[in-house]
Every structure is written in C-alpha cells, then in structure tokens.
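Hi,

Here's the structure I promised you. Have a look around first, then read my notes underneath.

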Amino acid sequence: MDHPLLTRIAASDGALPFALLRREGSPDVEVLTGEVVDVDALADIPLDGRPVLSAVPFRQVRERGFAAHDDGAPLRCLVVTESERMPLDAVLELLPDAPAHVDAQGFDVPDEEYAEIVRRVIADEIGRGEGSNFVIKRSFVGHTDAPTVPALLSWFRALLTDESGAYWTFAVGLDDLRMVGATPERHLSVQGDVAMMNPISGTYRHPADGPTHAGALGFLADVKESEELFMVVDEEMKMMSAVCPEGGRILGPYLKQMSRLSHTEYLLEGRTSLDLREALRLTMFAPTVTGSPMQNACAVIARHEPKPRGYYAGVLAFFETSPSGYSLDAPILIRTAYLEDGGRLTVPAGATLVRHSTPEGEVAETHAKASGVLAALGLLPRQASAAALDLNAQPGVADALAARNERLASFWVRPQATDASAAALAGRTALVVDNEDQFTTMLAHQLRHLGLEVRIAPWAEVDSVGDHDLVVFGPGPGDPRDLSDRRIARLRALMLERLRAGAPLLAVCLSHQVLAELAGYELAPLPAPRQGVRLEVDVFGEPAAIGFYNTFGARAPRSLSRSERRETIRPEVELEASVDPDGVVTALRGPGVASIQGHLESVLSSDGYATLLRLVEHALVPAPARV
Ligand SMILES: C=C(O[C@@H]1C=C(C(=O)O)C=C[C@H]1O)C(=O)O
Ligand SMILES: NC(=O)CC[C@H](N)C(=O)O
C-alpha cells in the first residue's frame, strides 16, 4: 500500500500545511492537510462541515477577560481537505531515522533565576492570598540548521518510539507555526454530549536508571504532590460546573507513567450541550498549566514570567466531523518543541508552585518535564521506554491511589441524582456574587441541588443586592483588609446593605473574612497559608471536614469576655463564632447570616454539602430589619 499524502508532505519543503497525530490507544497515525486560516476568536473557527485542527495560543485567554502578554501568536486553523490514516509501523519506516542535529543553548531563565521566581511567587503571591497554585514556565533554547520538515519529522519519529503515556504525539507545520510534541494531557474532549477534562498534577521524576517501586510509593504518599492534584481538580471542577448544567463527576485517580516521569491524574466527566467553541472558551486554560484561581493566575503569570507564552499552555483543538455533527478533542500544549524561522528552537516547561514548594525541587521539575522532548531532539541520551518497570503493576500502587478518594466529597464522586433534601428549599432564589474565583460555579451547582434557583453575577455588575431570598458572597483572591481594592470595598458595601436590611446572606472565605472584619474581628495573615488544605473543624458543635484556600484569617478576640466582646462588635452585626484551636474564626452566624472560612463546595470537603445545607437553612430564617 502506498501513502502518497505523508510522502508528499515529507517532500514539500513546508509548502504543504500538515498535522500528524498519534492519539492514545490508536494503532494509527492520522495525516492531515488542508487550508490554513487565521481567526481572531474561538467563535470564528470555521465549522462549516469540514474537520478543523486549531492551534490556540495562550493569549486567547483574553477572550475570557483575563490577562496575558500579547505576543501576537495567531489562532491558526487547518481546515482539513485531505486526510489519511497510516499504521504506526508504516509511518516509522517512512520517517527519517535519526533526530536532526540541534545545538543546545540552555534555559532562557537560568536555574538560579527560576529558583528566585519560585521564592517570590510563594512569598508575594501565595503568601498574600492571591491563590493556591501557580505555574511558571521557562524555555529551553536550541538551534538547528537542518531543513525544517525533515527535522520535524525526525523528532516526531523519536517521540513515537521513545515516549510513553502520551495523550497525543504530534507534528504540526502550519506556515511559520511548527511544533512537535508528546503531551500527556487532554484539556477538554466532547463526544456527543459527554465532556471530559483530565487534570494531571503531581510529578514523580524517575531516577536516571528508571523508576522504582519504592520511589512510586513515596511519590504517592507525598502530601504536597497529592494536594497539588486536588487543587487542580477543584479548579477544573469549577470549569465543568460552568460548562455542564449537571456539574461534573470525578473518575480515578490514575498513575500515568511516561518515559522519564510519572504523573497522577483524574478524569472529570459531565454532559454539555454548549457550542464546542464556547465550551472551549469557558475552559481556557487548564489550571495545571496556569494555576488557581485561574483569573488571578493569569495576572500572576504576567507579573512573573519574563517572556510571553506563545502556544505554551494553549491547546490543539481538533473539531472532527461525524454524521451526528462535530466532536472535539483538545490536548494541552506542553512537552512540545517550537521551531521558528531561522532555526531557533524552544521547549517551554513549567512547574506548579504551591505553598510548600522548594526552589530546587521546582527547578528539577522543569528539567524533568523538558527532558522527554529534549531527548527526542537528541539533546539527552535516548532510552528505551519498554525496559522500564510497570509502576501500575506494582503492589500497593492501586491501593495508594484508591486511598486518595476516601477523603473526597462524595457529592462530586457519585452520579448526581436530584437530592431528596432539595424539597425544603425549593423555589427560593439565590444570587451568588462572584469575586473573581469561579468556585461560585460549584457553589451554585450545589445550591441548585438544594432546590434553589440560582444566578451568578460578577461583583462589578452588582450594585445592589435587594430582592433575592438569599445572597451568597463568594470567595476570592487578595487581601481582605485592602479597602483600596475596589472589589473588597464593593463587597463590604454590599454586605452592609444586606445586613442592615436583615436579609439572608451566606459569606464564603474572602467574604467571610470581610464579614468578620465588620463584626469587629481582626484580620491577619495566618502563620502559614492554608491554601489547598483539608481540615476537620468544628462548625457550631458539629465536626466537619472541609477544604481551605486561605492565607488570611479572622482572629477571635479570645482574651475578651463575652460582654467586652459584644462592645467591640458593630451594632449591625452581632454574631456567634466557631473558632479553631489556633484561634482562627471558622464560621460565624447570627439572625439571617452565616459564614464559613472553608470552601464547602470544594472536592476536598467531604462534609461540605451537608454543612452548606445547615448554613443555608440557618441564614434563610430572616432577621428583623435594622434600619
Ligand atoms: C506545566 C507542565 O505540566 C503540568 C504540571 C504538572 C505538575 O506540576 O505536576 C504535571 C503535568 C502537567 O499538568 C509542563 O509540562 O510544562
Ligand atoms: N479563597 C478565598 O476566598 C481566599 C481569601 C483570601 N484571599 C485569603 O487568601 O485568605
């Protein structure tokens, strides 16, 4: 059998646009060619009956109103006019055997500088309540004089033979956008109405002579690695809740073994009827390559990354056609090399920075993440992937993975049938005020399950909070004491309006802190941030396991007597507090008011849903108006 398309591409000297894709589990390589079209927005991707492969650059995140350096990288589409499937073996036979030569130049941000960025992000961002996890990238740089298409094909071949566990292995040549990679991670897929996301986080760097049983078990037991994964599951569950009316469901966890490192991952599944381009827009981009909360993560990236991202952390989005319409398969652009005109090559890699990251550990992680591609470029010794120990077959690995789910919120694990407890609250209306943390989509989803009719509104669009049975003030990044921040000032004013009217309100995390301040408590940074921590706390006499994402806390004036304390509390807010053993206020309640420092909606909160019901029921008993 001859395969004219791949042969033509190989001989075209770049004149023929192409994409070669090997998808996980497929015995074949898909070979595509067509017309190249650049568009401005995702909504402009031309879905008029032909398959389209789009390369979505990071700057596209501005379509969500989020920050990004504008490097002008185009949203480039290949409208497919001709395609072919080839068995892997036939492809390997056709492609150049040895990787085209590359001269290494090293990372654009040297190790010591990257370590310094890690320190700064931990101290100045996580340490100031800006979020729980942030991904900062740097790029390995090299140069080649080899002709473009044969070079790309040679590196693609090396990835096909050497890398394992990739979701997509690909080579793309669309005019001056040329890339080759082996990404482990699906961002979003939609088949029929089934939407799936695949948060991957936690990285076991294999020793030089291969992964070990003990190493894998140590990795699976590591608290930092495990918390990192839950943080990104939370963030992607926010996206699932935005895209899927019934929310999402967690499957996994799994261990994904690659040639030089292994990762832990979950799959999230839900149903959506959104236009595929809109679903993609609402999920730009994965927290595993940006951070959380996502909007603020984009600002943090813009502050700390010296260079723009190009396509790094963006996606390849393949809109395929079938008789029933389009489907979408969109892997994340990581573990990818970009070849520019003139022969410059870059391989960007990032690490997830969390409160207990070490600069050395994260420096090493970026090296490890680049290493699979660097080996395919001939810059590191190649190793045979088949020789490695199969970690998933080792004793204790499956148990260690399964044990992680014991502490997860069953609400997000089981299929979400309508809740029997819903009846009590049916028909009531709730406004959820979003303070730039889309945890509100998960909160709204849980509230709907409780029977409420819910609307989410961004803080900037809320002038008054009059006519709703319940107003939920949501969490958010930043320093709750900072009244020069318009968001905090607005939040405070809206809460006072509601309190004075004696109208029911529930306040979560940042909003709980603002409420506590109004009630006379002092706000201060905690001795150590609790970003992404699960704690068992007392909530008005009942123990509750809840996830926390805060750097600040309200301190109870514990040294004061009850009557002294009453004097410090402002007249409009007289509240009862639950205080944890460290003296931090966990929850507040009073007539028509309830608040909680933790995130009841988090996947970490196994007692979240039940506690939410209690607090909502409490708040919905209205207080007498105070005006
Ligand atoms: C950010 C990258 O990878 C992501 C970050 C991971 C982590 O920090 O553990 C793991 C897999 C990817 O989701 C990258 O490869 O550049
Ligand atoms: N998730 C939140 O609402 C966090 C509140 C605040 N930014 C803090 O870090 O303490």
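**Around helix α3**

Let's start with what sits over helix α3: its buried residues are covered by elements that include β6 (133-143), α8 (294-304), β18 (344-353) and α9 (359-376). Keep in mind that this is a predicted model.

Which residues of α3 are buried? They are Y114, I117, V118, V121, I122 and E125. Because they take up an arc of only 130° around the axis, they end up on the same side of α3. Turn to the face pointing away from that buried side and you'll find the exposed residues E112 and A123.

You can also check the length of α3 yourself. The helix has 15 residues (111-125), and at 1.5 Å a residue it should span 21 Å; the end C-alpha atoms are 20 Å apart, so the two agree.

**What the record says**

An unreviewed UniProt entry annotates residues 112-369 as "domain: Chorismate-utilising enzyme C-terminal". In the model, that span is 34% helix and 36% strand, and its end C-alpha atoms lie 18 Å apart.

**Ligand 2**

Now scroll over to ligand 2, which has 13 residues surrounding it. The closest are G129, P475, C509, L510 and N550. Where does the largest share of this shell come from? Strand β24 (residues 542-555) supplies it, with four residues. Sorted by class, the shell around ligand 2 is made of seven nonpolar, five polar and one charged residues.

Shout if anything is unclear!

Cheers

Technical notes
Residues numbered from 1 in each chain as written. Chains lettered and ligands numbered in written order. Predicted model: local features only at pLDDT ≥ 70, side-chain atom pairs only at ≥ 80, totals over all residues. Helix = DSSP H or I, 4+ residues; strand = E, 2+ residues; numbered from the N terminus. Expected span 1.5 Å × (residues − 1). Buried ≥ 20, exposed ≤ 12 C-beta atoms within 10 Å, placed from the backbone. Arc of directions from axis to C-beta. Contact = placed C-beta atoms within 7 Å. Near = placed C-beta within 6 Å. Nonpolar A, V, L, I, M, F, W, Y, C, P; charged D, E, K, R; others polar. UniProt positions renumbered as here; feature names shortened; annotations may be inferred.
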